[in-house]
Amino acid sequence: MSETQLSIEGGSGQDGSFLPLAPPAPRALALFGDVIDWAVIVIGATMIGLIFFNVLLHVIQKDLAWVTELAELLMVWVTFLGGACAARRGAQMTITEVIDKLDGRARDVADAAVNVVALAVLGSLVWFGASLVVTGWSNELTVLQIPMSFQYLGMPVGVFAILVWMVYDLWLILQGKTRAQRWPKKD
């Protein structure tokens with residue numbers, strides 16, 4: 001493996017780790033992605049444990065309201081961070097009937113244009129999500145009695161992470177990388 005390849009590859013599952021494979025990225029970006037991947041795993045496992053525990057309590061006619069409220073809070077976080085995991089791997093939902101008919105440079109220009117529009121939307125979501133977090137400090141979750149901003153924060157944080165991956169993809173497009181080079185197929 002060349003020194004250049006070593007400098008752009010992070011953990012991201014290439015070394016047989018627990019995380020799913022991700023395209024090569026600069027080491028810092030790969031580490032950022034791995035942290036998000038692990039956060040999704042930990043949050044998801046926590047949600048499973050909490051809900052399973054509450055289901056078991058239902059057997060004896062009990063219920064812990066805080067479990068449901070915490071699981072709802074975690075669901076917001078895992079949803080948006082999961083979106084970042086998808087964006088890292090180029091697995092976000094796309095409608096490509098028109099763009100798939102393009103080849104070569106036309107495809108790259110179309111991909112770049114789509115990314116620019118997506119970046120504008122993501123940027124506005126981060127902006128308005130952050131303002132929602134700021135205004136939510138005075139409202140509390142009913143049972144947990146913590147500011148709702150902790151739940152709202154999942155959106156701007158997760159969307160910012162998606163934005164990071166979209167900026168990186170746009171940077172690769174502008175460097176002349178084709179779609180196949182940016183999102184290699186895994187056999």
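**A friendly note on an all-helix model**

1. Let's start at a small landmark: right after helix α3 comes glycine 90, and its phi is positive, near 70°. Keep in mind as you look around that this is a predicted model.

2. Now step back to the whole protein. Its secondary structure consists of seven helices and zero strands, so you can read the pattern along the sequence as α-α-α-α-α-α-α. Along the principal axes, the C-alpha atoms fill a box of roughly 60 × 40 × 30 Å.

3. How much of the protein is buried? Of its 187 residues, 37% are buried. The protein exposes about 11300 Å², and 70% of that area is supplied by carbon and sulfur atoms. Looking at contacts with a separation of 6 or more, you will find that 62% of them join residues 24 or more positions apart.

4. Helix α3 is a good one to trace with your finger. This helix covers residues 65-88, and its 24 residues should span 34 Å at 1.5 Å a residue; the end C-alpha atoms are 35 Å apart, which agrees. Its buried residues include Val67, Leu73, Leu74, Trp77, Val78 and Leu81, and also the charged Glu69 and Arg88. What do the buried residues of α3 pack against? Their partners are α2 (27-59), α5 and α6.

5. Helix α4 runs from residue 104 to residue 135. With 32 residues, α4 reaches 47 Å from its first C-alpha to its last, close to the 46 Å expected. Among the buried residues of α4 are Arg107, Asp108, Asp111, Asn115, Leu119, Leu122 and Val133. The buried residues of this helix pack against α5 (149-152), α6 (154-174) and α7 (179-182).

6. Next, the charges. The protein has 12 positive and 16 negative charges, and the mean positions of the two sets are 6 Å apart. Side chains of opposite charge can pair when their charged atoms come close. A search of the whole structure finds nine salt bridges, and three of them are worth a visit here.

7. One salt bridge joins the side chains of aspartate 34 and arginine 88, at 2.9 Å from N to O. Because aspartate 34 sits in helix α2 and arginine 88 in helix α3, the pair ties together parts that are 54 residues apart in sequence. Aspartate 34 and arginine 88 are both buried.

8. Another salt bridge brings together the side chains of aspartate 111 and arginine 179, here at 4.0 Å from N to O. Aspartate 111 belongs to helix α4 and arginine 179 to helix α7, so this pair ties together parts 68 residues apart in sequence. Is each partner buried or partly exposed? Aspartate 111 has 5% relative accessibility; the cut-off for buried is under 20%, so aspartate 111 counts as buried. Arginine 179 has a relative accessible area of 30%, which makes this residue partly exposed.

9. Arginine 182 and aspartate 169 also form a salt bridge, with their closest N and O atoms 2.5 Å apart. Arginine 182 is in helix α7 and aspartate 169 in helix α6, 13 residues apart, and the pair links distant parts of the chain. Both arginine 182 and aspartate 169 are buried.

10. Which residues are linked in a network of salt bridges? They are Asp100, Arg107, Asp111, Asp169, Arg179 and Arg182. Try picking them out in the structure: you have already met Arg107 and Asp111 among the buried residues of α4.

Methods: Residues numbered from 1 in each chain as written. Predicted model: local features only at pLDDT ≥ 70, side-chain atom pairs only at ≥ 80, totals over all residues. Heavy atoms only, no water. Helix = DSSP H or I, 4+ residues; strand = E, 2+ residues; numbered from the N terminus. Buried < 20%, exposed > 50% of the residue type's maximum accessible area, 1.4 Å probe, protein only. Contact = heavy atoms within 4.5 Å. Areas by Shrake-Rupley, 256 points an atom, 1.4 Å probe, with all protein chains shown as cover. Charge placed at Lys NZ, Arg CZ, Asp CG, Glu CD. Expected span 1.5 Å × (residues − 1).
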